[in-house]
Amino acid sequence: MDEVEDKINGDLADNEVDDELDEEHAEEGSSTDKKKRKRRKKKKKQTAVEGGENECVDEETETTEKLNDLTLDKDVDGEVVVETTASRKKKKKKKGGMKFVDCTDAMFHPRLEPSTIVTPAPIHQWTRGDYQPTSLQPSLPVPTFGVPTGAVPKFVPIATLYPDDRFPPGQLIDYKIGDTGAQRFTDEEKRVLDMANDDILRDIRLAAESHRLTRKWVRSWVRPGQTMIDIVETLEGASRAMIGAHGLEAGLAFPTGCSLNNCAAHYTPNANDATVLGASDVCKIDFGTHIHGRIIDCAFTFTFDDKFDPLLFAVREATETGIREAGIDVRLCDIGEAIQETMESHELELGGKVYPIKAIRNLNGHSIGPYRIHAGQTVPIVRGGEQSKMLEGEFYAIETFGSTGKGYVHDDMDCSHYMKKFDVGHVPLRLARAKGLLKVINENFGTLAFCRRWLDRLGEQKYLMALRNLVENGIVEDYPPLCDIKGCYTAQFEHTILLRPTCKEVVSRGDDY
């Protein structure tokens, strides 16, 4: 080690001599600099020879490391000082040299500044009890109303965005503790039964995703002053494109309801209906989609006047109560009692007068079957309903209606909704025009609901007498608008749920409601 120290000291002395020579010949220009570099190389070679050829390898390595970590520099007074590698880095940083950035806590992306990095959209990650929407649909343009049907942009069918057919599920909810299905999620037998329904889940989830994106888009551009026929036809055009409408295999499950104010349900404009959406209207949008007859029945209410918010809140909370109470082996009457208690605990103040919010007792939810919007079971929204129980594997539309009026609806206005009865047999018809219209209905709608606008869209003309004949013969049923007393306001919220063997899935749940 003494030899190593002598070597370092000798090198320092030689470098000091070189610095003095450099100061004397600094004015000689670039040629003097070249001579200086040559002298330094020569001195280093001589030092290596004087160190001896038999010096051990370990001592050479240690010497080289020390020489690499030491440099000479001059301070302000011109004295030679020793500078380490760490201090040299600090000086370079002060002089504006290379800056070292700690990237351990930041996402690295080549050629991009951190402020320009865009995190990729996350894949659907679902947790039980929560809905985390991530739309793959590109941003959708707002339509311009210059023609009767509005300008519907071109949409990408939802199915093309999921080539593996794994569509996002809805909200998954465990059955309540105390139910017979409390431990169903961990039961292996129930899991196997659940897996057997993959085709059903695929169809219903595709229909639900189409519904979610359509209603989200519609809510982004609906404004007061637009005609109701423009609104519903633009909505239906977008929904057909998103779901990839194709005959009876995929499309709309029933006409779009857009009932206003005291009208609670079953209103959609007929041709030449000039009704305009007002700034103080309470509008209920109720539309459905289906894939292979698996129907999504989902509705919401919106208004541009915040004085109606308590009404909307009460009805939405009542719907959530119905979803929470629903389950396998749950009595339908118990659900209705819970819904009524929730809804009628609210009130609405209008013009200094307080109105109690009432559940509309002659409207209710219902079970849903393939190509059958009303499959037989009814879910009441008041106490005293049916004693029958919900069963595993059933679909239900949990929908609630609230009103500031009497809480009872009646038929009113021109009829627009019609539907062929599900279990009707062969009925002989005398009117040839009625036979032709029935064929059109069977080919295009089957047992799904339709409206007069849809018959117009197919090119049918002068069909009202034939349609009336089908109704009178019990083949087709008419569904006129349902209204409470004039001057009152009604609201509606609805979701479709599936009672799976392992859990309850709110398939139509979205980030909006």
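**Figure 1. Cys333 and Cys503 in the predicted model.** In this predicted model, Cys333 has a relative accessibility of 8% and therefore counts as buried, the cut-off for that class being under 20%. Cys503 is likewise assigned to the buried class, with a relative accessible area of 1%. A disulfide is a covalent bond between the sulfur atoms of two cysteines. A search of the whole structure for such pairs returns zero disulfides.

**Figure 2. Helix H9 and the elements that surround its buried residues.** Helix H9 comprises residues 332-343, and Cys333 is one of its buried residues. The others listed as buried in H9 are Leu332, Ile335, Gly336, Ala338, Ile339, Gln340, Thr342 and Met343. Because nine of the 12 residues of H9 are buried, the helix is largely enclosed by the rest of the structure. The packing partners of these buried residues are helix H8 (309-325) and three strands, namely S10 (358-359), S12 (378-379) and S13 (395-403). At 1.5 Å a residue, H9 should span 16 Å, and its end C-alpha atoms lie 17 Å apart, which agrees.

**Figure 3. The crossing of helices H10 and H12.** Helix H10 is formed by residues 432-444 and helix H12 by residues 464-472; their axes come within 8 Å and cross at roughly 80°. The two helices are therefore roughly perpendicular to each other. On the H10 side, the contact is made by Arg433, Ala434, Leu437, Leu438 and Ile441, while H12 contributes Ala466, Leu467, Asn469 and Leu470. By character, the residues of this contact divide into seven nonpolar, one polar and one charged. An α-helix has 3.6 residues a turn, so residues three or four places apart point the same way.

**Figure 4. Gly436 within helix H10.** Gly436 is found in helix H10. With a relative accessible area of 31%, Gly436 is classed as partly exposed. Gly436 and Ala466 are separated by 30 residues in sequence, yet their C-alpha atoms are 8.7 Å apart in space. Ala466 is among the residues through which H12 makes its contact with H10.

**Figure 5. Ala279 in the loop between strands S5 and S6.** Ala279 lies in the loop that runs between strand S5 (263-265) and strand S6 (282-291). At 46% relative accessibility, this residue counts as partly exposed. When residues up to four places away in sequence are not counted, Ala279 touches Pro224, Phe304 and Asp305. Thr303 is 24 residues from Ala279 in sequence, and the two are 7.6 Å apart in space, C-alpha to C-alpha.

**Figure 6. Asn262 in the loop between strands S4 and S5.** The loop between strand S4 (250-260) and strand S5 contains Asn262. Its relative accessibility is 15%, and Asn262 therefore counts as buried. Leaving aside residues up to four places away in sequence, Asn262 touches Leu482, Cys483, Asp484, Ile485, Lys486, Cys488 and Thr490.

**Figure 7. The setting of the close-up views in the whole protein.** The protein contains 12 helices and 20 strands. Of its 513 residues, 44% count as buried. Among contacts between residues at least 6 apart in sequence, 75% join residues at least 24 apart.

Methods: Residues are numbered from 1 along each chain as its sequence is written. This is a predicted model: local features need pLDDT of at least 70, side-chain atom pairs count only at pLDDT 80 or more; totals for chains, interfaces and linings use all residues. Side-chain values use heavy atoms; hydrogens and water are left out. Axes are lines fitted to C-alpha atoms, for helices over the stretch in contact, and angles run from 0 to 180 degrees between N-to-C directions. Helices (H or I, at least four residues) and strands (E, at least two) are DSSP runs, numbered from the N terminus. Angles under 35 degrees count as roughly parallel, over 145 as roughly antiparallel, 65 to 115 as roughly perpendicular and the rest as oblique. Contact means heavy atoms within 4.5 Å. Ala, Val, Leu, Ile, Met, Phe, Trp, Tyr, Cys and Pro count as nonpolar, Asp, Glu, Lys and Arg as charged, and the others, Gly among them, as polar. A disulfide is a pair of cysteine sulfur atoms within 2.5 Å. Buried means under 20% relative accessible area, exposed over 50%, partly exposed in between (1.4 Å probe, protein chains only). The expected span of a helix is 1.5 Å times one less than its number of residues.
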